[in-house]
Amino acid sequence: MREVQGQVVVIGAGIAGLAAAHRLLERGARVTVLEASGRVGGKLLPGEVAGARVDLGAESMLARRPEAVALAREVGLADRLQPPATATASLWTRGALRPFPKGHVMGVPGTASALAGVVSEEGLARIERDAELPRTEVGDDVAVGEFVAERLGREVVDRLLEPMLGGVYAGDAYRISMRSAVPQLFQVARTHTSLTEGVRELQAKAAAARQTGPVFMGIRGGIGTLPLAVADSVRARGGEILTGTPVTDLRRTPEGGWEVRSGEREWLADAVILAAPAPAAARLLRAENPGAAAELDGVEYASMALITLAYRRSGTALPDGSGFLVPPVDGRTIKASTFASQKWGWIADENPDLVVLRTSVGRYGETEILQRDDAELVDVSRQDLKAATGLDAAPVAARVTRWDDGLPQYPVGHHARVARVREHIARLPGLAVCGAPYDGVGIPACIASAYAAVDQIRGDLRGVQELTAHPVQSLHGGAGE
């Protein structure tokens with residue numbers, strides 16, 4: 001295994017690119033990070049509403065994987081790590097807020113009784129039939145919604161699986177790959193005839209492991225402060241980060257290195273890590289690696305918007321808990337709401353006179369809602385919030401954040417596409433890819449792929465092979481994540 005020596009250019013300054021740069025500097029490389037936009041952080045964005053610090057992008061990170069929490073500690077955020085003040089969420093369905101069911105794995109129950117009150121009596125009876133049904137073959141991959149509907153009925157998918165996967169991917173459960181998005185359930189499907197029996201086995205193993213500590217973690221000041229701290233650490237170690245610098249060309253040099261161009265500027269690199277979204281990566285790879293470019297051209301994205309609202313605390317009462325999810329089948333506009341002041345203690349502490357919450361809109365294939373202007377999105381959010389919680393006060397401030405093409409989709413066969421991309425990339429030494437289009441959309445997944453990319457350009461493929469075979473499952477962080 002060779003050490004990382006010389007100049008490495010990282011293209012993209014989202015959390016994956018920044019994590020790659022941070023690890024490269026630890027390995028002794030000279031690093032330049034090039035970012036097309038005017039800021040670092042990608043989908044992690046700190047902001048404010050009515051003077052209150054909030055997240056305008058992702059607002060929690062999975063703590064049961066080590067990468068994200070460990071990186072936060074490494075860059076000096078250890079004393080600002082905070083778990084949610086409450087992890088109790090609700091489901092807004094059948095005209096009422098109902099306690100979010102327990103005893104399930106990503107919405108798939110171990111017993112029918114776990115979903116009592118959420119699905120109908122007919123739906124509960126349909127779940128019970130799982131134990132009597134013949135085996136359902138999954139082959140190399142299957143849509144998670146299709147498989148669960150066949151085993152347990154469509155109600156389970158429409159009432160529980162859809163809102164959970166919609167929160168993670170803004171996707172359609174009937175298209176999303178079970179193998180890539182819910183690998184735990186895929187292994188169960190391959191080894192068990194009964195899905196509910198397999199889920200109970202997963203639950204028993206989890207109980208025996210006795211994992212302690214919170215499932216999710218936040219950061220005082222917002223998850224959006226993580227990339228800023230990583231960027232500061234990169235600069236302090238001698239790395240260079242250039243924003244507003246879109247890469248226009250990527251070429252192999254006759255000596256076996258890389259030429260990276262942004263307009264009239266040029267960098268010569270011994271290695272390149274591409275941490276850009278799939279369309280940008282495809283464009284840059286088209287000349288040197290048309291096979292990888294063609295595969296990346298096929299990656300689809302979903303758009304969404306977050307509506308952040310601030311209310312005067314006096315006269316504003318919300319139900320207990322962190323918020324609620326909304327099944328698409330109920331025909332509402334919003335897909336979730338997070339009661340941020342209740343979920344994150346630091347927001348309440350810093351803003352005792354305000355109540356901050358947010359809603360999210362937009363799923364894969366939904367275009368009409370996102371064509372509405374900001375004022376309309378605020379109005380429809382307020383209407384749905386009133387119907388769900390009775391909240392009828394006027395907000396003192398509102399902010400709409402649009403994430404156009406923000407979430408890569410993992411349809412059936414995604415794992416095979418990622419494997420083909422990496423087979424093509426492997427033919428060009430000194431090149432690696434990382435980020436949300438590959439092995440998981442959550443923050444730990446992006447960081448894990450960054451570290452694997454660093455190892456790859458050192459000649460160590462074990463991390464890449466492990467991620468390709470076992471993508472990181474991204475969970476839903478309570479409500480509104």
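**Group meeting: the annotated span, a small sheet and the largest pocket**

In residues 15-457, the C-alpha atoms at the two ends lie 19 Å apart, and the span is 37% helix and 22% strand. I should say at once that this is a predicted model, and that the span itself comes from a record: an unreviewed UniProt entry annotates residues 15-457 as "domain: Amine oxidase".

Let me turn to one sheet. Three strands, in the order β13-β14-β15, make up an open sheet with antiparallel pairing. Its edges are β13, residues 249-252, and β15, residues 265-269, each of which pairs on one side only. From one strand to the next, the twist averages 20 degrees. If we look at β14, residues 258-262, we find 5 bridges joining this strand to β15, the two running antiparallel, and within β15 it is Glu266 that serves as the bridge partner of Arg261.

Now to the largest pocket, which holds about 1600 Å³ of space. Its lining comprises 44 residues, and those that lie nearest the centre are Leu62, Arg64, Gln184, Val215 and Leu475. The elements giving two or more residues to this lining are β9 (104-105), α7 (183-191) and α8 (195-209).

What is the make-up of the lining of the largest pocket, in terms of nonpolar, polar and charged residues? The lining residues divide into 23 nonpolar, 14 polar and 7 charged. As for where they come from in the chain, domain 2, covering 89-209, and domain 3, covering 301-408, each supply at least three residues to the lining of this pocket.

Technical notes
Residues are numbered from 1 along each chain as its sequence is written. This is a predicted model: local features need pLDDT of at least 70, side-chain atom pairs count only at pLDDT 80 or more; totals for chains, interfaces and linings use all residues. Side-chain values use heavy atoms; hydrogens and water are left out. UniProt positions are given in the numbering used here, feature names are shortened, and annotations may be inferred rather than shown by experiment. Helices (H or I, at least four residues) and strands (E, at least two) are DSSP runs, numbered from the N terminus. Two strands pair if DSSP finds at least two bridges between them. Axes are lines fitted to C-alpha atoms, for helices over the stretch in contact, and angles run from 0 to 180 degrees between N-to-C directions. On a 1 Å grid over the protein atoms alone, a cavity is a set of points where a 1.4 Å probe fits but cannot get out, and a pocket is an open set with protein on both sides within 12 Å along at least five of seven lines; lining residues have an atom within 4 Å of a point. Grid points are joined across faces, edges and corners, and a volume is the space filled by probe spheres set on the points. Ala, Val, Leu, Ile, Met, Phe, Trp, Tyr, Cys and Pro count as nonpolar, Asp, Glu, Lys and Arg as charged, and the others, Gly among them, as polar. Domain bounds come from an automatic or database domain assignment.
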